Amino acid sequence: MCLAFLSSDSKKLVAKKQQGFGALSGFAAGVFVCMLSGCAMKDFSIEKAVPDKATITGSVASAQQVDPKSSSDQTTIRNIVSALNFTQWGSKPLPWSNPETGSQGTITAIAEKKDDTGLCREFQTSRESFDGVMLYKGETCMQNGGQWALKSFAPM
């Protein structure tokens with residue numbers, strides 16, 4: 001339909017060449033209308049507009065894994081808390097640093113509790129690193145073999 005319209009318009013354009021821009025603008029308008037009608041002729045419905053699940057990009061983050069740097073900091077803090085001699089400590093803030101990650105902080109509170117499951121120490125610490133300063137609360141407990149294991153370590 002558009003081709004017939006354009007061909008008839010082009011014949012008129014040649015016939016009316018003397019009229020100047022009027023015929024040319026009519027021809028351009030005809031081309032524009034035909035281009036728009038192509039969009040309207042498509043069978044488009046919102047129900048058919050679904051995302052293409054075949055496309056996979058790298059912009060979507062994968063499952064978050066444990067950050068080895070913060071894991072190393074947790075190990076450093078656990079080692080300090082577990083090695084602390086309570087009789088000599090005296091409740092003073094206890095600074096720590098991890099040269100492996102460049103992080104540092106201060107352990108501000110430690111509470112020891114002993115129950116049927118064994119000996120545990122709850123603690124609060126700060127962690128200063130390149131990504132900011134955070135306060136954490138954690139707990140480490142002595143296992144059967146005498147090793148200390150970190151049971152919890154989370155931001156406050």
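Begin by selecting residues 94–98, strand S1, together with residues 103–115, strand S2; in this predicted model, the two strands pair in the antiparallel sense over five bridges. Within this pairing, select Trp96 and look across to Gly105 in S2, which stands opposite Trp96. Next, follow the chain from S1 into S2: the two strands form a hairpin with four residues between them. In that turn, Gly102 may be picked out by its positive phi of about 85°.

The tour continues along S2 to the next strand. Select residues 118–129, strand S3, which runs antiparallel to S2 and is joined to S2 by nine bridges. The connection is again a hairpin, here through two residues. At this end, display Asp115 and Gly118, since the bridge partner of Asp115 in S3 is Gly118.

Now turn to the aromatic side chains. The whole structure contains two aromatic pairs. For one of them, show Phe123 and Phe153: their ring centres are 6.2 Å apart and the planes meet at 40°, a tilted arrangement. This pair links distant parts of the chain, with Phe123 in strand S3 and Phe153 in strand S5 (residues 148–155), 30 residues apart. Both Phe123 and Phe153 are buried.

Keep Phe153 selected and add Tyr136. Why is the pair of Tyr136 and Phe153 described as stacked? The ring centres lie 4.7 Å apart and the planes are at 15°, so the pair counts as stacked, the cut-off for this class being planes under 30 degrees apart. Here too distant parts of the chain are linked: Tyr136 belongs to strand S4 (residues 132–142) and Phe153 to strand S5, 17 residues apart. Tyr136 is buried, as is Phe153. With Phe123, Tyr136 and Phe153 displayed together, one aromatic cluster is in view.

The last stop is a covalent link. How many disulfides does the structure hold? There is one, and selecting Cys120 and Cys141 shows it, with the sulfur atoms 2.0 Å apart. Viewed about the S-S bond, the link of Cys120 and Cys141 has an angle of 110° and is right-handed. The disulfide connects distant parts of the chain, Cys120 lying in strand S3 and Cys141 in strand S4, 21 residues apart.

Finally, consider whether these two cysteines are buried or exposed. Cys120 has 4% relative accessibility and therefore counts as buried. Cys141, at 5% relative accessibility, counts as buried as well.

How values were computed
Residues are numbered from 1 along each chain as its sequence is written. This is a predicted model: local features need pLDDT of at least 70, side-chain atom pairs count only at pLDDT 80 or more; totals for chains, interfaces and linings use all residues. Side-chain values use heavy atoms; hydrogens and water are left out. Two strands pair if DSSP finds at least two bridges between them. Rings of Phe, Tyr and Trp (its six-membered ring) pair if their centres lie within 6.5 Å; planes under 30 degrees apart count as stacked, over 60 as edge-to-face and the rest as tilted. Buried means under 20% relative accessible area, exposed over 50%, partly exposed in between (1.4 Å probe, protein chains only). A disulfide is a pair of cysteine sulfur atoms within 2.5 Å.
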